[in-house]
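Colleague: I have this one open now, and I'd like to go through the helix packing and then the sheet. Could you start with the term you use for how helices cross?
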Amino acid sequence: MSAILEIKNVTRRFSGLVAVNDVSFDLQPKEILGIIGPNGAGKTTLISLISGTLPPSSGDILFEGKSIANMPAYQRARLGIGRTFQIMRPFPGLSVLDNVAVGALFGRGGGNAELARARELARAQLDFVGLGKNVDQRADELGGPGRKRLELAKALAMQPKVLLCDEVMAGLNLVEIDEVIDVIRKVRNEGISVLVIEHVIKAIKSLSDRLLVLHHGEKIADGDPETVLANQAVVEAYLGKRRA
Ligand SMILES: Nc1ncnc2c1ncn2[C@@H]1O[C@H](COP(=O)(O)OP(=O)(O)O)[C@@H](O)[C@H]1O
Ligand SMILES: [Mg+2]
């Protein structure tokens, strides 16, 4: 099987700071890849580099074998790269349904989508993430957990081949976390590759096929979750610090 996404020696600098430093990894079809790392490790920056909201300073990113590193975000979305945002940005005055319909209009097959069809797709995705009853509410009336689901539905309405999730479980209780884990598993079972950034170690351990650890912008471990979480460098960089 060939990788759907290849990150090759990608570096991103912000003036003096190296936020992502020479990072390489692949994402395989139907794989759930978890990414963990302390605050400021470069996780969100990495997602922005893949989705195209930021260009890399150097290195290359291939999607289905072709370089996308210089492609604008909207084109990457049309190819099939969907993301959620850690800082949620719903259109507050729009209904939950129309927030997700916007995702449908900008996603794969976007450009020629009609509003009625986009709303149909949005409704299906809202059912899928468990917000089927909230379609007519205004987006800003949703609480924290609802907004996380809304972010997921928006990204899924883009009909991505690769879904990039940035802390979609943050602030959720254990029951809600389990529900989101179920949603992500269902997403994978539909054939979508998923990259999940998460702080909840227990959740990411059970969800991920593979786990990658970022620390100061560098990849310090990449492998099966059990082995990676037992790795001494990972324990020192991340787990030790969090327990302290
Ligand atoms: N737009 C930006 N301009 C300047 N510095 C940034 C920008 N975005 C992120 N950074 C810095 O890059 C580093 C990595 O940030 P980020 O990718 O958000 O980390 P994480 O998501 O792992 O917490 C941090 O030091 C952060 O302050
Ligand atoms: Mg982040």
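Modeller: A crossing is called right-handed if the near helix is turned clockwise from the far one by less than a right angle, and left-handed if the turn is anticlockwise. Please keep in mind that this is a predicted model.

Colleague: Okay, so in which sense does helix 3 pass helix 5, left-handed or right-handed?
Modeller: Helix 3 passes helix 5 in a right-handed crossing; helix 3 covers residues 96–106 and helix 5 residues 144–157, and they pack at an angle of about 35° with their axes 6 Å apart.

Colleague: Which residues meet there?
Modeller: From helix 3 there are Val-96, Asn-99, Val-100, Gly-103 and Ala-104, and on the helix 5 side they meet Leu-150, Ala-153, Lys-154 and Ala-157. By character, the residues of this contact divide into six nonpolar, two polar and one charged.

Colleague: Switching to the sheet, what's the strand order?
Modeller: The sheet is open and is formed by six strands in the order 6-7-8-3-9-10, with mixed pairing. Strand 6 (81–83) and strand 10 (218–223) are the edge strands, each pairing on one side only, and from one strand to the next the twist averages 15°.

Colleague: And what packs on it?
Modeller: Helix 6, residues 174–189, packs on the sheet and touches strand 3 (32–36), strand 7 (162–166) and strand 8 (193–197), while its direction makes about 155° with that of strand 8.

Colleague: Back to strand 10, how does it pair with strand 9?
Modeller: Strand 9, residues 210–215, pairs with strand 10 in the antiparallel sense over five bridges, and Leu-211 stands opposite Gly-223 in strand 10.

Note on methods
Residues are numbered from 1 along each chain as its sequence is written. Chains are lettered from A and ligands numbered from 1 in the order in which they are written. This is a predicted model: local features need pLDDT of at least 70, side-chain atom pairs count only at pLDDT 80 or more; totals for chains, interfaces and linings use all residues. Side-chain values use heavy atoms; hydrogens and water are left out. Two strands pair if DSSP finds at least two bridges between them. Helices (H or I, at least four residues) and strands (E, at least two) are DSSP runs, numbered from the N terminus. Axes are lines fitted to C-alpha atoms, for helices over the stretch in contact, and angles run from 0 to 180 degrees between N-to-C directions. Contact means heavy atoms within 4.5 Å. Ala, Val, Leu, Ile, Met, Phe, Trp, Tyr, Cys and Pro count as nonpolar, Asp, Glu, Lys and Arg as charged, and the others, Gly among them, as polar.
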